[in-house]
Amino acid sequence: MTESPHRTGTSHDPILVTGAAGNLGRAVVDRLVARGARVRCLDRHPVDERPGVEAVVGDLTDPAVLRTALSGVDAVLLIWPLLDAAPARAVLPELARASPRVVYLSSSAIDDDRARQTDPIVQVHADLEALLMDAGLRPVVLRSDTMASNVRGWAAQLRAGDVVAGPDIARTAVVDERDVADAAVTALLAERFDRGPHVLTGPEVLSRADQVAQLGAALGRRLRFEPVRTDIARSQMLADGRPAALVEALIAASEHRLEATRTTGCVERLTGHPARTFAQWAVDHAAEFR
Ligand SMILES: NC(=O)c1ccc[n+]([C@@H]2O[C@H](COP(=O)([O-])OP(=O)(O)OC[C@H]3O[C@@H](n4cnc5c(N)ncnc54)[C@H](OP(=O)(O)O)[C@@H]3O)[C@@H](O)[C@H]2O)c1
């Protein structure tokens, strides 16, 4: 449940978005600008500066960079794009000193009943949630399911042929990153907001094969998902140029993620509109796969 009032952002201090050049960050920045908010972007890649948008280019794990980025901000969308929670220990004191409202983008796969998560990427998010609390911050926690934008990683395979080969991870309630962005913006622009955790999902639970088939329908092609053994998946991902640490985390995630996914009505509760389907995402982004 949200606690208003809502703001437009125009008469307020900037809102900092980390990971701002990424899939989700870009969607959040666009929406904040459209709502009249001042936005400060932090990423190691530059973002397009435009009226209302200023950029800090640097490493999120560098305390000096974060200090600069936090100067005078009112709220932060903390996207933590690292596969390691440890560097947060060095930078969270900066966040605690600046004391903005914090919205943390976490993972729906966290199992609150477990002391240790089975999946290393999920463990990073569980650690970050705990570290934020330990630092005295009281973040609004948005736990996102697998984002639809992840399938951009299939674009090269789909330009070369009709098969997507990869590890067959458990089914997930794939959520459109535009819905996650809408929810994040709602939380960022509210003076007060239920801290959650809010579990953001799409409207249906999908396998990789379901997603490939729906992408095929949008492209007017008969596409097929081909599950591959772990060792082959590892060499393919490395050959695609993905960093070794990411590859190992994805492999571990594919081996450990549990089949416990469910859908929630959280996107609609937070944004006022139903969660978009993956089929719609596929239609809207078909051009990227041609
Ligand atoms: N994708 C999902 O299914 C999912 C689900 C739940 C939660 N999440 C969370 O959402 C985050 C954002 O997802 P996304 O798809 O938008 O990711 P993304 O497209 O990879 O965007 C992350 C951005 O952060 C930048 N970055 C990485 N490390 C950095 C550092 N040390 N300092 C400054 N910038 C850095 C990245 O640059 P490079 O491109 O150079 O790395 C990239 O521009 C994930 O990292 C994860 O924490 C994701």
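Trainee: Which helix and which strand each supply at least two residues of the shell around the ligand?

Mentor: They are helix 1 (23–34) and strand 6 (101–107). Both names come from DSSP runs, numbered from the N terminus: H or I over at least four residues for a helix, E over at least two for a strand. Keep in mind that this is a predicted model, where local features need pLDDT of at least 70, side-chain atom pairs count only at pLDDT 80 or more, and totals for chains, interfaces and linings use all residues. Residues are numbered from 1 along each chain as its sequence is written, and side-chain values use heavy atoms, with hydrogens and water left out.

Trainee: What makes a residue count as near the ligand?

Mentor: One of its heavy atoms must lie within 4 Å of the molecule. There are 23 residues around the ligand, and L24, R44, H45, M147 and N150 come nearest.

Trainee: How do you know that N150 makes a polar contact with the ligand?

Mentor: A polar contact is a pair of N or O atoms within 3.5 Å; within protein, one must be able to donate a hydrogen and the other to accept it, and residues adjacent in sequence count only if both atoms are side-chain atoms. A polar side-chain atom of N150 lies 2.8 Å from an oxygen atom of the ligand, so the pair is inside that limit. D59 has a polar side-chain atom 3.0 Å from a ligand nitrogen, while a polar backbone atom of L60 is 2.9 Å from a nitrogen of the ligand.

Trainee: And which residues does T264 touch, leaving out those up to four places away in sequence?

Mentor: T264 touches V199, L200 and T201, where contact means heavy atoms within 4.5 Å. A polar atom of the T264 side chain also lies 2.5 Å from the backbone oxygen of V199, and this side chain reaches the backbone nitrogen of C266 at 3.3 Å. T264 itself sits in the loop between helix 9 (244–256) and helix 10 (266–271).

Trainee: How many aromatic pairs does the structure hold?

Mentor: It holds two. In one of them, F278 and W281, the ring centres are 5.8 Å apart and the planes meet at 10°.

Trainee: Why is this pair called stacked?

Mentor: Rings of Phe, Tyr and Trp (its six-membered ring) pair if their centres lie within 6.5 Å; planes under 30 degrees apart count as stacked, over 60 as edge-to-face and the rest as tilted. With 5.8 Å and 10°, F278 and W281 pass both tests, so the pair is stacked. Both residues lie in helix 11 (residues 278–284), three residues apart, about one turn of the helix.
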